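Biologist: Could you walk me through this one step by step? I am new to reading structures, so please take it slowly.

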Amino acid sequence: MTTTATPTARKRPRKTRTKKINPLPPITASRLASNEIDLAPGREHMVCPECRTWCPITGMNGTPKLVPHHTDRAGTPNARRCTAGSDRRVTIDITVEDWRTVLTEARPTTVSRRATKVLPKPKTAPAPAASQLTPAPLSAETVRRALRQHQQQCRACRGEIASRDGMPLPCRDGERLAITFLRLLRQEPRRRAVRDFFARERRQFDRQYAAAAPTRTAQWSAVLPQVADADTRRAQLPEGDAPTESPAVPLTTLHPAA
Ligand SMILES: [Zn+2]
Ligand SMILES: [Zn+2]
């Protein structure tokens, strides 16, 4: 506690930090494309969704927010302050690891996006009948492929569509896919553990079944002679004439008229 009677000039931090907070709702980090944000510790930056300027994020340990900045016309006579993006809070809802993974995965897309030639539409095999389908669990890999395919075809995701006032339009589909991908990525280890458990149980059952097989074979061979015998006897016809003890089959009818 400092209760000094004679006020002394405070030592100011070298980097001016303003406590000002933009009243607009926070920007959600997971909604940005992986290459629009840099979460590398110590140099957190992102593309301001309002003006598309690449600018630093401060307050990573408290309330992360975009630093006050000019629009991309900064340094020119027409520079103007980005009112919607300056001091705007940022919700960091992805981990550095997740962001790195997505970034690595997305890199080939970035490369293919630069290609000037139109990518040929992949040839699709005829759709299998419903009975031929084996339900495949939705994996992070499947969603990642869908996201990549979507990004290649979606102009909004490529940042090519802007509203009338020059704001880039967000793509709900792209966002949804990215969020699903991140969620599945988080869940994958648990799902894999469950799958492994079932596979292990199955293998154990198969082993026990195989171990029991010789016993069943032995039991069958033991009864086989009796079974064969019964079969033979069933096939035999009685030998010789008709039985003598039994009454003879009448050859003439008892009818008086006959
Ligand atoms: Zn801005
Ligand atoms: Zn899209």
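Biologist: Is Asp 87 buried or exposed?

Modeller: This is a predicted model, and Asp 87 sits in the loop between β5 (65–66) and β6 (90–91). A residue needs 20 or more other C-beta atoms within 10 Å to be classed as buried. Because Asp 87 has 20 C-beta neighbours inside 10 Å, it counts as buried.

Biologist: What is the phi of Asp 87 near?

Modeller: Here is some background first. Most residues other than glycine have a negative phi. Asp 87 is not glycine, yet its phi is positive, near 55 degrees.

Biologist: Which loop residue between β3 and β4 takes a positive phi in their hairpin?

Modeller: The hairpin of β3 and β4 has six residues between the strands. The loop in question joins β3 (45–47) to β4 (54–58). With a positive phi near 65 degrees, the residue is Arg 52.

Biologist: Is Arg 52 buried, partly exposed or exposed?

Modeller: Buried needs 20 or more neighbours, and exposed means 12 or fewer. Arg 52 has 17 other C-beta atoms within 10 Å, so it falls in between and is partly exposed.

Biologist: In what order do the strands of the open sheet run?

Modeller: Let me start with the general idea. Strands of a sheet pair through backbone hydrogen bonds, either parallel or antiparallel. Here the sheet has four strands with antiparallel pairing, and the order is β2-β3-β4-β5.

Biologist: Which strands are at the edges of that sheet?

Modeller: An edge strand pairs on one side only. In this sheet, that description fits β2 (37–38) and β5.

Biologist: Which residue in β3 stands opposite Ile 37?

Modeller: β2 and β3 pair in the antiparallel sense over two bridges. Opposite Ile 37, in β3, stands Met 46.

Biologist: And which residue in β4 stands opposite Val 47?

Modeller: The antiparallel pairing of β3 and β4 runs over three bridges. Across from Val 47, in β4, is Trp 54.

Biologist: Which residue in β5 is the bridge partner of Thr 58?

Modeller: β4 and β5 are also paired in the antiparallel sense, over two bridges. Their hairpin has six residues between the strands, and Gly 59 takes a positive phi near 65 degrees there. The bridge partner of Thr 58, in β5, is Lys 65.

Biologist: How far apart are the C-alpha atoms of Pro 41 and Val 96?

Modeller: Pro 41 lies in the loop between β2 and β3. Pro 41 has 7 other C-beta atoms within 10 Å, so it is exposed. Pro 41 and Val 96 are 55 residues apart along the chain, and their C-alpha atoms are separated by 8.0 Å.

Biologist: Now the helices, please! Where do the buried residues of α2 fall, seen down its axis?

Modeller: Helix α2 covers residues 140–153, and it reaches 20 Å from its first C-alpha to its last, close to the 20 Å expected. Its buried residues are Val 143, Arg 144, Leu 147 and Gln 151. Seen down the axis, they fall within an arc of 105 degrees, so they line one face of the helix.

Biologist: At which residue does α3 bend?

Modeller: Helix α3 (residues 172–235) has 64 residues, but its end C-alpha atoms are only 78 Å apart, short of the 94 Å that a straight helix would reach. A bend of about 45 degrees is found in α3, and a proline, Pro 189, follows within four residues. The bend is at Glu 188.

Biologist: How many residues of α3 are buried?

Modeller: Those that are buried are Leu 177, Ala 178, Phe 181 and Leu 182. The helix has 64 residues, and it lies largely in the open because the number buried is four.

Biologist: Where in the protein is confidence lowest?

Modeller: The mean pLDDT of the protein is 78, and 70% of its residues reach 70 or more. Where pLDDT is low, the predicted coordinates should not be read in detail. Confidence is highest in β5, at a mean of 94, and lowest, at 69, in helix α1 (residues 96–114).

Biologist: To finish, in what order do the elements run from the N terminus?

Modeller: The protein has three helices and six strands. From the N terminus on, they run β-β-β-β-β-β-α-α-α.

Technical notes: Residues are numbered from 1 along each chain as its sequence is written. Chains are lettered from A and ligands numbered from 1 in the order in which they are written. This is a predicted model: local features need pLDDT of at least 70, side-chain atom pairs count only at pLDDT 80 or more; totals for chains, interfaces and linings use all residues. Two strands pair if DSSP finds at least two bridges between them. The expected span of a helix is 1.5 Å times one less than its number of residues. The bend at a residue is the angle between axes fitted to the seven residues ending there and the seven starting there. pLDDT is the predictor's confidence in each residue, from 0 to 100. The arc is that of the directions from the helix axis to the C-beta atoms.
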